[in-house]
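Let's take a friendly walk through this structure, looking at how its two chains meet and at one helix along the way.

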Amino acid sequence: MRENVVIRTVSRLAVPFIQLFGLYVIAHGASGPGGGFQGGVAFAAAFILMIIAFGVADVRKRINNRGIMIFSIFGIALYAAVGLLSILFAGNFLQLNVIEAALGIPHLHGILIDIAEAGIGITVMAIMISIIYDMADTGGGSA
Amino acid sequence: MKTKALIAVIFIGIILFWAVEDMPAFGDPESPATSYTGEMYIQETQKDTGIANIVTAILVSYRGFDTLGEVVVIFTAGISVALLLRRGGRL
């Protein structure tokens, strides 16, 4: 399935900017409006546009079902790893301020929050793409 | 059956509009939502976490465990959609 040349050209131009905006929203979670949930959905929207313009089969070559599973589990694991890191510094699970107090690096708390937000973003992005794949599938041999 | 449903809807609607009277006014500084923990978050977030966005500080730092649960919920929902809709192939 390939749509006409205008749709393909415009989406090829728009996709990198949408992805960049998604990454910007995730990365600015600590210092401005944004966060993992919103940024992950914005990043997945770029993939949805690619599915509309180029078809599911073309997009599946870039990120397949196995990749989606790996990404979605990696996001949760990244978040939980940040939480477990604070146990190493004699705090409670996800008590991030003990790490900054122990290491003495300024703004470390915000950096850890950004890492956790990135984990949220990766999981949300992968799950959104997975849902779109399953709904766009025609049930033919493409699965 | 339709008249019973209509009566039930109107009755619940009257109760809800009655309850609106007791809600605090929009932007009321004395309302419960802005007076106890809200004030605490605004005063303490910069000192506790050192980040500028109070919403993110509450989401990931003060209520981090809750947000971890939310991410797991999204993950579970996605797995469920895949199990229900995906034809053939492996997860």
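A crossing of two helices is called left-handed if the near helix is turned anticlockwise from the far one by less than a right angle, and right-handed if it is turned clockwise. Please keep in mind that this is a predicted model.

## A helix pair across the chains

Start with helix α6 of chain A (residues 108-136) and helix α5 of chain B (residues 64-85), whose axes come within 9 Å and cross at roughly 20°. Angles under 35 degrees count as roughly parallel, so α6(A) is roughly parallel to α5(B). The crossing of these two helices, α6(A) and α5(B), is left-handed.

On the α6(A) side, the residues that meet α5(B) include A:I120, A:V124, A:I127 and A:I131. Their partners in α5(B) include B:V71, B:I74, B:F75 and B:L85. By class, the residues of this contact divide into 11 nonpolar, three polar and one charged.

## The wider contact between chains

Stepping back, 35 residues of chain A are in contact with 26 residues of chain B. In chain A, the elements that give two or more residues to this side are α4 (65-88) and α6. Helix α6(A) gives the most, with 13 residues.

The side of chain A that touches chain B has 17 nonpolar, 15 polar and three charged residues.

## Helix α2 of chain A

How far does helix α2 of chain A reach from its first C-alpha to its last? This helix (residues 36-54) has 19 residues and reaches 27 Å, close to the 27 Å expected at 1.5 Å a residue. Just after α2(A), A:G55 takes a positive phi of about 95°.

How values were computed: Residues numbered from 1 in each chain as written. Chains lettered and ligands numbered in written order. Predicted model: local features only at pLDDT ≥ 70, side-chain atom pairs only at ≥ 80, totals over all residues. Axes fitted to C-alpha atoms, helices over the stretch in contact; angles between N-to-C directions. Helix = DSSP H or I, 4+ residues; strand = E, 2+ residues; numbered from the N terminus. Parallel < 35°, antiparallel > 145°, perpendicular 65-115°, else oblique. Contact = placed C-beta atoms within 7 Å. Nonpolar A, V, L, I, M, F, W, Y, C, P; charged D, E, K, R; others polar. Expected span 1.5 Å × (residues − 1).
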